Amino acid sequence: MRKNRQMIKLFFVLLFCTAFIFSSSHFGAQAFEKIKNNEKKGTTTSRGSLNVNKSHNKNSTNDPLGVKSGGEEVILNQSKINLKDIPIDLQTVLKQSSEIEIPEQSTFSLLDFVKKQKIATISSDSLSLLSSGIYQSILPTNFSIVERNIGNSLPDFVPIGFEVKVNLDQNADFVFSNPNKSRYRIQMEIVGKSLTVSLKGERFPYLYKTSLKNKQNFKPRTIIQYSPLILPGKIKVATSGISGQLIEVYKDVYQGDHQIKSEFVSEDYYPPKQRVEIHSLRATSNVQVSQPSTVTTVKEGGQAANQLETGTSSNGDQNINSSEYPTQTQNSEVEQTK
């Protein structure tokens, strides 16, 4: 009887041990699987965060100023134009509207913007100043230039290759398009005697840089005129003359430090302004003229018998899309700067 009780106790002990071992192995396996899954999730999250950081660091080269303005928006490019005096009409316009929004996949026209803002007091010079600042800020991007005009002479406030001339009366506009699926903002402000234009928005997938190539200088010709009002042996310089310039503008596209391609943007040409000298009419027989000078005779009263063809347009402006250049290019002496 006692032996049977011991056998029953041993049976229950073995049953309990079996149940404990089974439950431990089952729940232990679940716990191990859960821990393993958590470790996988933790590894994925960590790697994902690392990828984001890599992507941020890779694209941070597109943010030359390294200035964040909140969220994904950054200052992509910034141009600064120093002036002797800030036009009053430009100050008035910027107080009224100092920001331009460029919606996604849209085209912007500066003349349309002026009309919509009902800005009627701004001059063409101030518009050209503003458009040149905007052009410098959007040139190193993937924006497309639809229309751009330049003058017949380079203004003092902008380096060659970056001028944009806008004229309300002649309908000379500045038009560009945003091909991206995100909007951008152009902010304009006057600080001291400088106009600062900033392009803000989402970073581009590539880095864009502007390069200037094949710069050339064109010496002005000398035009000799004769007048009876000039004493013998004397020379009056009516126009001192200015050298002409030509430069090619390119947009270089980079992925990291590797240059992918170089896109031609424009060829800006400013013709030389000829030097004009007025000599005495009484000493004509002693004058020797060397090429490439041009001689025109001046009658009494100052009317020229022969006119030099300058090749400038009626409004004095150029559309850089045109492939024709003034005739002085072929006759002028050229100095090429590599």
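Begin by selecting glutamate 99 and glutamine 187 together, and you will find that Glu99 stands opposite Gln187, a residue of strand β7. Keep in mind throughout the tour that what you have open is a predicted model.

Next, select the whole of strand β2, residues 99-102, and show its side chains. Which of them are buried along β2, and which are not? Ile100 and Ile102 point to one face and are buried, while Glu99 and Glu101 point to the other face and are not buried. This follows a general pattern, since in a regular strand the side chains alternate between the two faces of the sheet.

Now add strand β7, residues 184-191, to the selection, and look at how it lies beside β2. The two strands run antiparallel and are joined by 4 bridges. Within this pairing, isoleucine 100 stands opposite isoleucine 186 of β7. It may help to recall that strands of a sheet pair through backbone hydrogen bonds, either parallel or antiparallel.

Widen the view to the sheet to which these strands belong. It is an open sheet of 4 strands, arranged in the order β1-β8-β7-β2, and its pairing is antiparallel. At the edges you will see β1, residues 74-82, and β2, each of which pairs on one side only. If you turn the sheet slowly and follow the strands across it, the twist from one strand to the next averages 15°. Helix α4 packs on this sheet, where it touches β1, β2, β7 and β8 (194-201), and the direction of the helix makes about 140° with that of β1.

Stay with helix α4, residues 124-138, and select helix α2, residues 88-96, as well. In general, two packed helices are described by the angle between their axes and the distance between the axes. Here α2 and α4 pack at an angle of about 60°, and their axes are 9 Å apart, so the two helices are oblique to each other. The crossing in which α2 passes α4 is right-handed. Where do the two helices meet? On the α2 side, look for Asp89, Leu90 and Leu94, and on the α4 side for Ser126, Leu129 and Leu130. The residues of this contact divide into 4 nonpolar, 1 polar and 1 charged.

For the next stop, select strands β3, β6 and β4. These 3 strands form an open sheet in the order β3-β6-β4, with antiparallel pairing. Because β3 (106-109) and β4 (144-147) stand at the edges and each has a single partner strand, one side of each is left without a neighbour in the sheet. Neighbouring strands of this sheet are turned by 30° against each other on average, when direction is ignored. Zoom in on β4 and β6 (residues 175-178), which pair in the antiparallel sense over 3 bridges, and find isoleucine 145, which stands opposite phenylalanine 176 of β6.

The last residue to select is lysine 234, which is found in the loop between β10 (222-227) and β11 (235-239). Is lysine 234 buried or exposed? Its relative accessible area is 52%, so lysine 234 is exposed. Leaving aside neighbours within four places in sequence, lysine 234 is in contact with Ile278, His279 and Ser280. Lysine 234 and histidine 279 are 45 residues apart in sequence, but their C-alpha atoms are 6.5 Å apart in space.

Finally, zoom out to the whole protein, which has 5 helices and 17 strands. Of its 338 residues, 38% count as buried. Among contacts between residues at least 6 apart in sequence, 78% join residues at least 24 apart.

Technical notes. Residues are numbered from 1 along each chain as its sequence is written. This is a predicted model: local features need pLDDT of at least 70, side-chain atom pairs count only at pLDDT 80 or more; totals for chains, interfaces and linings use all residues. Side-chain values use heavy atoms; hydrogens and water are left out. Axes are lines fitted to C-alpha atoms, for helices over the stretch in contact, and angles run from 0 to 180 degrees between N-to-C directions. Angles under 35 degrees count as roughly parallel, over 145 as roughly antiparallel, 65 to 115 as roughly perpendicular and the rest as oblique. A crossing is left-handed if the near helix is turned anticlockwise from the far one by less than a right angle, and right-handed if clockwise. Contact means heavy atoms within 4.5 Å. Ala, Val, Leu, Ile, Met, Phe, Trp, Tyr, Cys and Pro count as nonpolar, Asp, Glu, Lys and Arg as charged, and the others, Gly among them, as polar. Two strands pair if DSSP finds at least two bridges between them. Buried means under 20% relative accessible area, exposed over 50%, partly exposed in between (1.4 Å probe, protein chains only).
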